[in-house]
Amino acid sequence: MLGIGAYRPQRIVSNAEVCEVLDSTPEWIFERTGIRNRRWISGDETLRSMAAAAGERALNNTGLDRSKISAVILCTSSWLKLTPHGAPTIAHDLGINGVPAFDLTSGCGGFGYGLGVAADLIRAGSAEYVLVIGAETMTVGLDPTDRGTAMIFGDGAGAVVVGPSEENGISPTVWGSDGEHAEAISQDVDFLEYMNKAQALQGADPETEPVGRMSLRMQGPSVFRWAAVTLPRALASALEMSGVAKEDIEVFVPHQANARINELMRKNLGLADDIPMANDIENTGNTSAASIPLAIEEMLVSGKAKGGQTALLLGFGAGLSYAGQVVTLPPAPAEPSF
């Protein structure tokens, strides 16, 4: 990873504000999730604008002429159209129209999948430099009264430029999925059913015949149990594939889903207590495919981590899927998102 960029929405939403609608308390939310605040889009902020802003900062922080970008990968589960998909539009917005550009949907593990694909494209000679963007507007499909999701999710975007290096800075990806339990994280409405209803009600009065909205639902205890069993094995496999001993890991950057899950993973893997671990969830919330690049950027900007250090990454979530790598962290951004 040669450079990193991020975008965080302007609006900060506290636990107290969430509890104005949700039947909960700020203290209970923090105890269960580790979240105090999250960022939600407002005004003219959109997934498109955030993804382009994060990509622009990554390019600027890398110092690479954007004409050298060979491909753009947009990792997201919240782009609102199947056609056209988002990446070509984002590439155009960034002034690199014409390159191969595609969306990659793998829930909260999306950035890890995108990073793995980008590294393999470069190793295979299909690309020289790849811009990988993780961007989500999770609040677009959020039910503010749902205790399983309303307090957890936020919006944001993070991006990295991946390119060739004399020393391998991204290990082979360890990834997998568990479709047997995929419905533990799912939309509550089938997309085709939703679109058919919307089409049938075209021209109808939305007050009397509402289409409704697709909302994300999560079976928290089921996901927690899956994570507790599956993810420590995935982390161990990532270390084995990389050839790096756990004693040589300098930074741990897990997906920012739940602070309790992350602490459990660190203990089960046997990482030292003094190893810096990402905790961007406390003030950013769970931003799905954007969470790992946002967490890396926060650690670099705050000085908790430094460019060149060896980090263990693991994304996990919908699918149920996961993806992990051992990486060399990029330099701290000259143009941070804070």
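**Exercise 1. Describe the span of residues 239-328 by its end-to-end distance and secondary structure.**

Solution. The C-alpha atoms at the two ends of residues 239-328 are 13 Å apart. Helix makes up 34% of the span and strand 22%, where helices (H or I, at least four residues) and strands (E, at least two) are DSSP runs numbered from the N terminus. The unreviewed UniProt entry annotates residues 239-328 as "domain: Beta-ketoacyl-[acyl-carrier-protein] synthase III C-terminal"; such annotations may be inferred rather than shown by experiment, and their positions follow the numbering used here, with feature names shortened.

The model is predicted: local features need pLDDT of at least 70, side-chain atom pairs count only at pLDDT 80 or more, and totals for chains, interfaces and linings use all residues. Residues are numbered from 1 along each chain as its sequence is written, and side-chain values use heavy atoms, with hydrogens and water left out.

**Exercise 2. Place Leu312 in its strand, and state why Leu312 counts as buried.**

Solution. Step one: Leu312 belongs to strand β12, residues 310-317. Step two: Leu312 counts as buried because its relative accessibility is 0%; buried means under 20% relative accessible area, exposed over 50%, partly exposed in between (1.4 Å probe, protein chains only). Step three: beyond its neighbours within four places in sequence, Leu312 has contacts (heavy atoms within 4.5 Å) that include Leu235, Ile249, Phe252, Leu269 and Val326.

**Exercise 3. Give the strand order of the open five-stranded sheet and identify its edges.**

Solution. The order is β1-β7-β6-β4-β5, with mixed pairing; two strands pair if DSSP finds at least two bridges between them. The edge strands are β1 (3-7) and β5, each of which pairs on one side only. On average, neighbouring strands are turned by 15° against each other, direction ignored. Strands β4 and β5 run parallel and are joined by four bridges. Val72 has Ala101 of β5 as its bridge partner.

**Exercise 4. Work out how α3 and α4 sit against this sheet, and what covers the buried residues of α4.**

Solution. Start with α3: this helix packs on the sheet and touches β1, β4, β6 and β7 (155-162), its direction making about 150° with that of β1. Axes are lines fitted to C-alpha atoms, for helices over the stretch in contact, and angles run from 0 to 180 degrees between N-to-C directions. Next, α4 lies across β4, β5 and β6, at about 130° to β5. In α4 (residues 86-93), the buried residues are Gly86, Ala87, Thr89, Ile90 and Ala91. Their cover includes α3 (47-62), β4 (71-75), β5 (101-104) and β6 (130-137). Finally, Gly95 follows α4 and has a positive phi, near 80°.
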